[in-house]
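Thanks for coming. I will take one chain this morning and go through its strands, two of its residues and its pocket.

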Amino acid sequence: QVQLVESGGGLVQAGGSLRLSCAASTSIFRHAMAWYRQAPGKQRELVATITNSGSTNYAASVKGRFTISRDNVKNTVYLQMGSLKPEDTAVYYCNLERYGDDHWGQGTQVTVSS
């Protein structure tokens with residue numbers, strides 16, 4: 001069974017930075033990875049994606065502030081978040097789509113204070 005474990009969340013002041021990590025229990029080499037987030041009372045939204053070849057895409061709300069990256073040796077994907085805003089407050093989830101199955105981590109809370 002595939003497991004994804006996120007870490008790195010926390011409380012940070014507006015303008016600050018955090019780096020989230022997502023460690024997979026399986027090889028991610030062939031697969032695209034993504035970060036999503038869900039704020040209270042809102043639907044889960046896509047934040048960033050990275051293909052198996054390293055191409056990235058970002059939601060308009062985070063473009064220029066967040067960077068997604070991957071380490072295929074460590075089977076880990078990262079989300080470097082900068083210039084954080086209170087509206088970035090959410091639970092952040094890692095996603096792996098592998099052979100047609102969607103896998104999710106348990107989420108990590110990011111809270112940005114104003």
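One definition before the hairpins: two strands count as paired if DSSP finds at least two bridges between them. The model you are looking at is predicted.

With that in hand, take β7 and β8. Strand β7 covers residues 66–71, and it pairs with β8 in the antiparallel sense over six bridges. The two form a hairpin with four residues between them. In that turn, asparagine 75 has a positive phi of about 55°. One bridge pair to look at is phenylalanine 66, whose partner in β8 is methionine 81.

Strand β8 itself runs over residues 76–81 and is mostly covered, with five of its six residues buried. β8 also pairs with β3: six bridges join them, and the two run antiparallel. Arginine 19 has glutamine 80 in β8 as its bridge partner there.

Let me step back to the whole chain. The secondary structure comes to 11 strands and zero helices. The radius of gyration is 13 Å, close to the 13 Å that the globule rule gives for 114 residues, so the chain is as compact as a globular protein of that length. Along the principal axes, the C-alpha trace spans about 40 × 25 × 20 Å. Of the 114 residues, 43% count as buried. As for contacts, among those between residues at least 6 apart in sequence, 53% join residues at least 24 apart.

Now a residue in β3. Is serine 21 buried or exposed? Serine 21 lies in strand β3. Its relative accessible area is 16%, and buried means under 20%, so serine 21 counts as buried. Leaving out residues up to four places away in sequence, serine 21 touches Val5, Glu6, Ser7, Trp35, Thr76, Val77 and Tyr78. Thr76, Val77 and Tyr78 on that list fall within β8, residues 76–81.

Next, the second hairpin. Strand β4, residues 33–38, runs antiparallel to strand β5, residues 45–50, and five bridges join them. Six residues sit between these strands, and glycine 41 takes a positive phi near 75°. β4 also pairs with strand β9, residues 90–98, in the antiparallel sense over six bridges. Arginine 37 shows both pairings: it stands opposite glutamate 45 in β5 and opposite tyrosine 92 in β9.

Ahead of β4 there is a loop coming from β3, and histidine 31 is found in it. At 8% relative accessibility, histidine 31 counts as buried. What is histidine 31 in contact with, leaving aside its neighbours within four places in sequence? The list is Thr51, Asn52, Arg70, Leu96, Glu97, Arg98 and Tyr99. Of those, Leu96, Glu97 and Arg98 belong to β9, residues 90–98, while Arg70 belongs to β7, residues 66–71.

Last, the pocket. The largest pocket holds about 180 Å³ of space. Its lining has 13 residues, and those nearest its centre are Arg37, Ala39, Lys42, Glu45 and Glu87. Arg37 and Glu45 are the pair that stand opposite each other across β4 and β5. Which classes make up the lining of the largest pocket? Seven residues are charged, three are polar and three are nonpolar.

That is the tour.

Notes:
Residues are numbered from 1 along each chain as its sequence is written. This is a predicted model: local features need pLDDT of at least 70, side-chain atom pairs count only at pLDDT 80 or more; totals for chains, interfaces and linings use all residues. Side-chain values use heavy atoms; hydrogens and water are left out. On a 1 Å grid over the protein atoms alone, a cavity is a set of points where a 1.4 Å probe fits but cannot get out, and a pocket is an open set with protein on both sides within 12 Å along at least five of seven lines; lining residues have an atom within 4 Å of a point. Grid points are joined across faces, edges and corners, and a volume is the space filled by probe spheres set on the points. Ala, Val, Leu, Ile, Met, Phe, Trp, Tyr, Cys and Pro count as nonpolar, Asp, Glu, Lys and Arg as charged, and the others, Gly among them, as polar. Buried means under 20% relative accessible area, exposed over 50%, partly exposed in between (1.4 Å probe, protein chains only). Contact means heavy atoms within 4.5 Å. The radius of gyration is taken over C-alpha atoms; the globule rule is 2.2 Å times the number of residues to the power 0.38.
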